[in-house]
Amino acid sequence: MELITNVTEYEKLAKEKLPKMVYDYYASGAEDQWTLKENREAFSRILFRPRILIDVSHIDMATNILGFNISMPIMIAPSAMQKMAHPEGELATARAAASAGTIMTLSSWSTSSVEEVNSVGPGIRFFQLYVYKDRNIVRQLVKRAEMAGFKAIALTVDTPRLGRREADIKNRFTLPPHLVLKNFEDLDLGTMDKTNDSGLASYVAGQVDRTLSWKDVKWLQTITSLPILVKGVVTAEDTRLAIEHGAAGIIVSNHGARQLDYVPATISCLEEVVREAKGRLPVFLDGGVRRGTDVFKALALGASGVFIGRPVLFSLAVDGEAGVRKVLQMLRDELELTMALSGCTSLREITRAHVITDGDRIGRSRL
């Protein structure tokens, strides 16, 4: 195999290797896919203001997330059905994350159960939660995640209905017959019916609770002592409400551009959320991260860390656990280099003054 020099190269290789239905499910966004492109392009409009003549012989990228020490501010986002990419699926991803000393978030719709993922060995893991209409299912799932040693709940709040993913409709996407949604297998909710459009959209319509509201964030706190991260916040107004309702953290996310098209890129929403949070809780960024420079930009705009999704899926498809390890290592190496060339020796030293955004340029042009 040709030497892979950056994270993005895995996508082309994954496309060659995966069945079309699976690749399209992982790669596509909603409707016109404007936000899918914008999640990446918005990073390219943020430029650096590097500082020079600073001793950068030692760079420290370690950080603490919700009381857990990790090696770098780069974590793994929840991505569903990873055994479609590789036979070891989420188990390989969990091992790679633990090896890199970082956090993996397991999707509710994983093809490995919370217990199976726990069995791969030590590691700091979060559990992503969809709230089902049957709240007893939610109680059971959260309790199982707790028992399996998961350290936080990432509550997805942007999916009362599934976004219109036209590639999935064309492909009549469904979970391959040899796989199940393992966390729901014993509840007879582990499979999807073949439909005339997206089998996942039909599954969501049948199972996921459209009445989910802020009061349910409070309800979740009554059934678990785990910290709750609210995943899917993109505005100051919802940041304020997340804080009022006891969230332990916010993940700025547009669901990988798979829900509402024509929302801004997450990196474009980040500063609004950070300003409203005022340091009262950590804010994380999810979406569009493909370079260490992207990580630095997010940190400079106030993120406590970033989550990566598609790079994990594509590298998993190409080379299993080794591929995911390599993606994490490449991003780590690139972040370290960006910090050195910007004159930062620790994450604390990365500040707003290190970047220029579109808003900064407009402000300066008016002076």
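In this predicted model, lysine 297 sits over the face of phenylalanine 48, with 5.3 Å separating the charge from the ring centre. A comparable arrangement can be found at arginine 135, which lies over the face of tryptophan 219 at 5.0 Å from the ring centre.

Tryptophan 219 leads conveniently to helix α9, which spans residues 214-223 and in which Asp216, Val217, Trp219, Leu220 and Ile223 are buried. These residues fall on the same side of α9, because the arc they cover around the axis is only 160°. A general feature of helices helps here: an α-helix has 3.6 residues a turn, so residues three or four places apart point the same way. On the other side of α9, Lys215 and Thr222 are exposed. The cover over the buried residues of α9 includes two strands that come before the helix in sequence, β6 (125-129) and β7 (152-156), together with helix α6 (135-147) and strand β8 (228-233). Just past the helix, the loop between α9 and β8 holds serine 225. With a relative accessible area of 71%, serine 225 is exposed. From serine 225 to valine 252 the C-alpha to C-alpha distance is 23 Å, and the two are 27 residues apart in sequence.

Aromatic rings form a further theme. A search of the whole structure finds nine aromatic pairs. One of them joins tyrosine 25 and tyrosine 26 in a tilted arrangement, 5.8 Å centre to centre with 55° between the planes. Tyrosine 25 counts as buried, at 5% relative accessibility, and tyrosine 26 is buried too, with a relative accessible area of 3%. Another pair, formed by phenylalanine 127 and phenylalanine 150, is edge-to-face, with 6.1 Å from centre to centre and 80° between the planes. Since phenylalanine 127 belongs to strand β6 and phenylalanine 150 to the loop between α6 and β7, the pair ties together parts that are 23 residues apart in sequence. Both of these phenylalanines, 127 and 150, are buried. Tyr25 and Tyr26 also belong to one aromatic cluster with Phe173.

Attention turns next to histidine 255. An unreviewed UniProt entry places the feature "active site" at His255. In the model, histidine 255 lies in the loop between β9 (249-252) and α11 (266-277). Is this residue buried or exposed? Histidine 255 counts as buried, because its relative accessibility is 11% and the cut-off for buried is under 20%. Leaving aside neighbours within four places in sequence, histidine 255 is in contact with Tyr130, Thr156, Asp158, Thr159 and Arg165. With one of these residues, aspartate 158, the side chain of histidine 255 makes a polar contact of 2.9 Å.

Another buried residue with a polar partner is aspartate 286, found in strand β10 (residues 283-286). Its relative accessibility is 8%, so aspartate 286 counts as buried. A polar contact of 2.7 Å links the side chain of aspartate 286 to that of serine 253. Beyond the neighbours within four places in sequence, the contacts of aspartate 286 are Ala77, Lys231, Ile251, Val252, Ser253, Thr266 and Phe307.

How values were computed:
Residues numbered from 1 in each chain as written. Predicted model: local features only at pLDDT ≥ 70, side-chain atom pairs only at ≥ 80, totals over all residues. Heavy atoms only, no water. Buried < 20%, exposed > 50% of the residue type's maximum accessible area, 1.4 Å probe, protein only. Helix = DSSP H or I, 4+ residues; strand = E, 2+ residues; numbered from the N terminus. Arc of directions from axis to C-beta. Contact = heavy atoms within 4.5 Å. UniProt positions renumbered as here; feature names shortened; annotations may be inferred. Polar contact = N/O pair within 3.5 Å; in protein donor to acceptor, adjacent residues only side chain to side chain. Phe/Tyr/Trp six-rings, centres within 6.5 Å; stacked < 30°, edge-to-face > 60°. Lys NZ or Arg CZ within 6 Å of the ring centre and 35° of its normal.
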